[in-house]
Amino acid sequence: MKTPIPNPYCPPEEQDHRRNMRLEARIYSMIGEHPRVPKLIHWEDATCCLTMEYLANGNLKEYIQQNHGNITLQLRLRWGRQAAEALMMLHSLNVVHCDLLPRNFLLDLHLNLRIADFGGASLGGSDPSATPATRFRQPGYDWDVPPVFSDDLFSLGSLIYFIMTGSYPYEEVASNEVERLYEAQQFPDVSALVCGALIMRCWQQQQQQQQQVVVSAEAIHDCLLTIEGEWKYNLDFIEYQAPRIPRLCGLGTRSE
């Protein structure tokens, strides 16, 4: 169950919380039933109370932190693919999530990923109440401009990095230094990761846009599906071919 935070000392702030809850309920209603989203059990408009299905394994951040050494690469790849699938679904509804942190993804009984927490999102270009955290925010982020899909895609790269490594990008580096590094297009080394090239594609969107290359959640999903499928059959092939797979999958396609 999720309810707005009461604040009798600041009514405008409480109204903001209620507005966020109404937006979240609206987005859940737009989505309907979807395997990458928790089920909405009930919405009470008068109290702005959301009742959601119970997901047994909690949020992705805590699960990875508590079980990091026991999580297989195949499961990590599945989570990356499912996160991209969730984002693909949101973008098809013109929703920019704006806060793709690991704690905003939940795990069901079978360890399948569900995206949640839409209260801070942007719907159809509306002003969001959330913004990406430093390590999930693309360089040059403009706080005064409505968010765009590429903001979520950059965050997706950082999310997949966390899924694969169990750490945030530049976790031990001060936030202001992370911002400087990102502005200089200097990102963590991902060359040893199976889907490292894919993560880098998410992070280097600005360079790719200059080359008229478009990256989408659908392309990322399809590429992860290919990597995941190949991994099941031939570990050596994936370790050798992983840097080439995003190109082979057509992850970057030139815009007209």
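These legends go with a set of close-up views of one predicted model.

**View 1. The whole chain, before we zoom in.**
Let's start with the overall picture of this predicted model. The chain has 256 residues, and 50% of them count as buried. Its secondary structure adds up to 10 helices and 8 strands. What about contacts along the chain? Take the contacts with a separation of 6 or more: 66% of them are made by residues 24 or more positions apart. On the outside, the accessible surface comes to about 12,700 Å², and carbon and sulfur atoms own 49% of that.

**View 2. Inside the largest nonpolar core.**
Here we look at the core, which counts 67 residues. Which of them touch the most other members? That would be L60, W79, C195 and I220. Pick out C195 and check its contacts, skipping neighbours within four places in sequence: you'll find L77, I160, M164, L224 and I227.

**View 3. Helix α6, tucked away.**
Stay in this part of the sequence and move on to helix α6, which covers residues 196-203. Of its 8 residues, 6 are buried, so the helix is largely enclosed by the rest of the structure. Want to find the buried ones? Look for G196, L198, I199, M200, C202 and W203.

**View 4. The largest pocket.**
This pocket has a volume of about 300 Å³. It is lined by 16 residues, and the closest to its centre are K2, M52, E53, L106 and A116. Two elements, α1 (11-31) and β2 (49-52), each supply at least two residues of the lining. Sorted by class, the lining of this largest pocket has 9 nonpolar, 2 polar and 5 charged residues.

**View 5. The second largest pocket.**
Now for the runner-up, with about 250 Å³ of space. This pocket also has a lining of 16 residues, and K2, N20, D117, G119 and G120 are the closest to its centre. How does the lining of the second largest pocket split by class? It has 5 nonpolar, 7 polar and 4 charged residues. Keep an eye on K2 as you go from view to view: K2 is listed among the residues closest to the centre of the largest pocket, and K2 is on the list for the second largest pocket too.

**View 6. Two residues with a positive phi.**
C48 and D117 are the stars here. C48 has a positive phi of about 55°, although C48 is not a glycine. You'll find C48 in the loop between β1 (40-44) and β2. Is C48 buried or exposed? At 0% relative accessibility, C48 counts as buried, because the cut-off for buried is under 20%. D117 isn't a glycine either, and its positive phi is about 65°. D117 sits in the loop between β5 (113-115) and β6. With 26% relative accessibility, D117 counts as partly exposed. You've met D117 already, as one of the residues closest to the centre of the second largest pocket.

**View 7. One loop, two residues: F136 and P146.**
Both residues belong to the loop between β6 and α4, as you can check for F136 and for P146. In numbers, β6 is 122-123 and α4 is 149-165. F136 is buried, with a relative accessible area of 1%, whereas P146 is partly exposed at 40%. What does F136 touch? Leaving out neighbours within four places in sequence, its contacts are L100, L101, P102, D151, F154, S155, S158, L159 and Y168. F136 and L153 are 17 residues apart along the chain, and their C-alpha atoms are separated by 9.4 Å. As for P146, its partner in this view is G125: they are 21 residues apart in sequence, but 5.8 Å apart in space, C-alpha to C-alpha.

**View 8. I5, in the segment before α1.**
We finish with I5, which is found in the segment before α1. I5 has 53% relative accessibility, and the cut-off for exposed is over 50%, so I5 counts as exposed. Which residues does I5 touch, not counting those up to four places away in sequence? They are E14 and H17. Try finding Q15 as well: I5 and Q15 are 10 residues apart in sequence and 9.4 Å apart in space, C-alpha to C-alpha.

Notes: Residues are numbered from 1 along each chain as its sequence is written. This is a predicted model: local features need pLDDT of at least 70, side-chain atom pairs count only at pLDDT 80 or more; totals for chains, interfaces and linings use all residues. Side-chain values use heavy atoms; hydrogens and water are left out. A nonpolar core is a set of buried Ala, Val, Leu, Ile, Met, Phe, Trp, Tyr and Cys residues joined through side-chain atoms within 4.5 Å. Buried means under 20% relative accessible area, exposed over 50%, partly exposed in between (1.4 Å probe, protein chains only). Contact means heavy atoms within 4.5 Å. Helices (H or I, at least four residues) and strands (E, at least two) are DSSP runs, numbered from the N terminus. Accessible areas come from the Shrake-Rupley method with a 1.4 Å probe; for residues, only the protein chains shown count as cover. On a 1 Å grid over the protein atoms alone, a cavity is a set of points where a 1.4 Å probe fits but cannot get out, and a pocket is an open set with protein on both sides within 12 Å along at least five of seven lines; lining residues have an atom within 4 Å of a point. Grid points are joined across faces, edges and corners, and a volume is the space filled by probe spheres set on the points. Ala, Val, Leu, Ile, Met, Phe, Trp, Tyr, Cys and Pro count as nonpolar, Asp, Glu, Lys and Arg as charged, and the others, Gly among them, as polar.
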